[in-house]
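Hi,

Here is the structure I said I'd pass on. Have a look at it first, and then read my notes underneath.

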Amino acid sequence: MITRQRLAAGVCALLAALTAGIAFPAGAVADETDQSAPKVELVLDVSGSMRTRDIDGGTRMAAAKQAFNEVLDATPEEVRLGIRTLGANYRGNDRKEGCKDTERLYPVGPLNRTDAKTAVATLAPTGWTPIGPALLKAADDLDGGSGTRRIVLISDGEDTCQPLDPCEVAREIAAKGIGLTIDTLGLVPDAKTRDQLSCIADATGGTYTDVRHKEELSDRVGDLVERAADPVVTPVATQGAERCEKAPALKSGLYTDRVEFGRQRWYKVAVEPGQELRAAVSVADDRAVDPDYGVLLRAVTVHGREIVRGEAAGTGRTDVVSTGLRYPRPDSDDDTAPAETVCLQVTSSFSAAAGVKTSPGLPLELTVDVVDGPSGHHDVAAFGLGRGWWLLGLLVLAGFLAGLLWGWLSRWRVAVWRTN
């Protein structure tokens, strides 16, 4: 009996150990998946102006609730979604208290559609419009993890909590280099609201959309949530130096930085013999700047000799100016030839408009790609034609034969005509 009891206990212990051994790795995988899962937080303006009836005969709040319900039903399973409100609770006239009125209505995480819809159903237009404080809190809600992070802000008016400028808040969020994008939607906006929401979106590489109908709101919010689930290349935040010697060493990838007005940024890339360096840079004016600006990208040696350059200019019609360059390093017969350090210098000629803050600097995006360079005569362009020589020869031959045939037919027709 004792032996049987011990045997049963041993079997139970073995099963428990196996269960634990299976369960823990599964949990670890789930945690790892959660860390890389895309995160989206919907930030909704619930200020008093959302009672206005100008969207398809109903209130702006009703349109927002309908859009949220439709979006919650269509949210992809892999997206971790949360909801934050601004101006939803405080009804008084104390500005200081009203500018604190932002609340996490539904935490960012796996979506329970019933709970989220119930929370949205309780909302009623109430108070102030603290957009800046809400964006700061939303950025904290999305902190951590390696997946896509996106804030979708829906508002019908300007921020009422100056001097905390929401544009400056967005720039500070972008300057942290955490890869967070803010998309904004304006409900029947006036010009000032449109300018402010556009500025917030531009600061983080997001988009701005005017909305005047319920269907537009649902479709746009749904598109932005689904976009978060799409695989994207997450840029890596870096910080260039004032000279090449102290510049960060970069490998192939996408990088973000900030370039101060009138300053240079330096980066280093190692290029092996037979490889080709391809680099491109874009600088965006996320605030008011003077017209006539440009960006210069130079590849130079560690001794300061210029190898190649790319440059572009703007006249105020676009908010992004980009340029690029290519440097193919010749192959070497020496297998032990060391890598060459190429210094990339980024210089922009933007100047801030009067009264505009110059800090943080303008957002910069740098793409670096080191690939195998051209090898052999088959990969080298010949008088700009490359492998097109055989096609050109074929066309010349075809044209010659067609000319002979046409000439012969013409002479035959003339001969027949004279005979008749």
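**A nonpolar surface patch**

Leu-405, Trp-406, Trp-408, Leu-409, Trp-412 and Val-416 make up a nonpolar patch on the surface, and together they have about 690 Å² of accessible area. Keep in mind that this is a predicted model. To place the patch in the fold, take Trp-408: this residue sits in helix 9, which covers residues 389-419. Trp-408 counts as exposed because its relative accessibility is 54%, and the cut-off for exposed is over 50%.

**A buried arginine**

The next one is Arg-220, in helix 8 (residues 214-229). What is the nearest side chain of opposite charge to Arg-220? That would be Asp-223, 4.8 Å away. Arg-220 is buried and yet has no salt bridge, since a salt bridge needs the nitrogen and the carboxyl oxygen within 4 Å. Leaving aside residues up to four places away in sequence, Arg-220 touches Leu-185, Thr-207, Thr-209 and Arg-227.

**Strand 18 and its partners**

Lastly, the strands. Strand 18 (residues 362-372) runs antiparallel to strand 11 (residues 253-259), and 7 bridges join the two. One place to see this is Gly-253, whose bridge partner in strand 18 is Val-368. Strand 13 (residues 275-284) is also antiparallel to strand 18, with 9 bridges joining them. There, Glu-276 has Val-371 of strand 18 as its bridge partner. When you look along these strands, remember that in a regular strand the side chains alternate between the two faces of the sheet.

Cheers

Definitions and conventions. Residues are numbered from 1 along each chain as its sequence is written. This is a predicted model: local features need pLDDT of at least 70, side-chain atom pairs count only at pLDDT 80 or more; totals for chains, interfaces and linings use all residues. Side-chain values use heavy atoms; hydrogens and water are left out. Patches are made of residues with over 30% relative accessible area and no salt bridge: like charges are joined within 9 Å, nonpolar side chains (Val, Leu, Ile, Met, Phe, Trp, Tyr) within 5 Å. Accessible areas come from the Shrake-Rupley method with a 1.4 Å probe; for residues, only the protein chains shown count as cover. Helices (H or I, at least four residues) and strands (E, at least two) are DSSP runs, numbered from the N terminus. Buried means under 20% relative accessible area, exposed over 50%, partly exposed in between (1.4 Å probe, protein chains only). Lys and Arg count as positive and Asp and Glu as negative; His and the chain ends are not counted. Contact means heavy atoms within 4.5 Å. Two strands pair if DSSP finds at least two bridges between them.
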